[in-house]
Amino acid sequence: MSTKAFASQADLQDKRVSFTKLSDHAYAYTAEGDPNTGVIVGDNAVMVIDTQATPVMAQDVIRRIREVTDKPIKYVVLSHYHAVRVLGASAYQPEHIIASQDTYDLIVERGEQDKASEIGRFPRLFRAVESVPPGLTWPTITFTGRMTIWLGKLEVQLLQLGRGHTKGDTVAWLPQEKILFSGDLVEFDATPYAGDAYFRDWPQTLDNIAALRPEKLVPGRGAALTSPEQVQAGLSGTKAFISDVYASVCEGVAAGKDLHTVYQETYARLKPKYGHWVIFDHCMPFDVTRCYDEATQYPDPRIWTAERDRQMWETLEG
């Protein structure tokens, strides 16, 4: 038997939701380290960035949007493809669902497996899983590199600034207001999930975000960052975690150690510094496994299935 409950199965307590106004056009829907949703209110339409895990959970986002505007929700943007971020999309009835072509390719390659895997990992977030329509969340528009959408006079830039959390990561940038929605490229007081990550690339991608000089930032998890100082803290904290995992794993690999040993040593090394971050115990087995893969023989992430999740957990935590 595992000593630790698998993934987030023991995390059943409801979280307190905040709906933070960043400007007349930008809002952050956050809930104590649960996956965040970004909201952009333009002159003529609303854009939602990341949807929540189910249509039932998305209804609460819609309710908050309706407290501040009656404009139609025209666009849903997927910052990347993970089920916990995208399966609520149908609730918004958007005209368009937008994602990078790299994200689209990931859905083709591993969407079904990812869906089954994540539903098993997050029972609380998928409590109303029966409200998810059959099939997957498919983009209706894809782009490569960058795309600009005008919500009236409000410019929204969708940018691929590099690989990190996944190969398809997209940020939404309001250049007029210096507000950035990062998806899971940036976390704040929350452990980065790196099971599908590119450890070598991620730090540079964070530097590319910093080069935009955002004054406010909505991370993938954690509170909205409402000052340049907080933004810097979010960027540097995420970068330090990714770099520390990578350094520890590479050291173990160079010494010829197996995954189990590398995991135990990396966990022990990082827990004092990051153990208070939400989902630390959930993320670490996935993060170290992916990092070990990248440092040895798999430049691209292997597909997680519900079965592989359990086998990995039993190997590292059993």
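# A tour of two sheets, a buried histidine and the cysteines

Begin by selecting V48, which stands opposite V76 in β5; strands (E, at least two residues) and helices (H or I, at least four residues) are DSSP runs, numbered from the N terminus. The model is a predicted one, in which local features need pLDDT of at least 70, side-chain atom pairs count only at pLDDT 80 or more, and totals for chains, interfaces and linings use all residues. Residues are numbered from 1 along each chain as its sequence is written, and side-chain values use heavy atoms, with hydrogens and water left out.

**First stop: β5 and its partners**

Select residues 73–77, strand β5. Four of its five residues are buried, where buried means under 20% relative accessible area, exposed over 50%, and partly exposed in between, with a 1.4 Å probe and protein chains only. Add strand β4 (residues 46–49), which pairs with β5 in the parallel sense over four bridges; two strands pair if DSSP finds at least two bridges between them. Strand β6 (residues 96–100) also pairs with β5 in the parallel sense, over three bridges, and here V76 stands opposite I97.

Return to β4 and select strand β3 (residues 34–41). The pairing of β3 with β4 is antiparallel and has four bridges. In it, V39 stands opposite V48.

**Second stop: the seven-stranded sheet and its helices**

Widen the selection to the open sheet of seven strands, whose order is β1-β2-β3-β4-β5-β6-β7, with mixed pairing. Its edge strands, β1 (18–21) and β7 (141–143), each pair on one side only. On average, neighbouring strands of this sheet are turned by 20 degrees against each other, direction ignored; axes are lines fitted to C-alpha atoms, for helices over the stretch in contact, and angles run from 0 to 180 degrees between N-to-C directions.

Next, select helix α1 (residues 55–68), which forms a right-handed β-α-β unit with β4 and β5. Right-handed means that, with the strands pointing away from the viewer, the path from the first strand over the helix to the second runs clockwise. Helix α1 lies across β1, β2 (26–31), β3, β4 and β5, and runs at about 145 degrees to β2. Helix α3 (residues 101–121) lies across β6 and β7, at about 95 degrees to β6.

**Third stop: the five-stranded sheet**

Now display the open sheet of five strands, ordered β8-β9-β10-β11-β12 with mixed pairing. The edge strands are β8 (146–151) and β12 (216–219), each pairing on one side only. Strand β11 (residues 179–183) runs parallel to β12, joined to it by four bridges; the bridge partner of L180 in β12 is L217.

**Fourth stop: H165**

Select H165, in the loop between β9 (154–159) and β10 (171–174). H165 is buried, with a relative accessible area of 1%. Its side chain makes a polar contact with the side chain of H82 (3.1 Å). A polar contact is a pair of N or O atoms within 3.5 Å; within protein, one must be able to donate a hydrogen and the other to accept it, and residues adjacent in sequence count only if both atoms are side-chain atoms. Leaving aside neighbours within four places in sequence, the residues in contact with H165 (heavy atoms within 4.5 Å) include H80, D184, Y193 and W202.

**Last stop: the cysteines**

A search of the whole structure finds zero disulfides, defined as pairs of cysteine sulfur atoms within 2.5 Å. For C250, the nearest cysteine sulfur is that of C291, 5.7 Å away. C250 is partly exposed, with a relative accessible area of 26%. For C283, the nearest cysteine sulfur, again that of C291, is 14 Å away. C283 is buried, with a relative accessible area of 0%.
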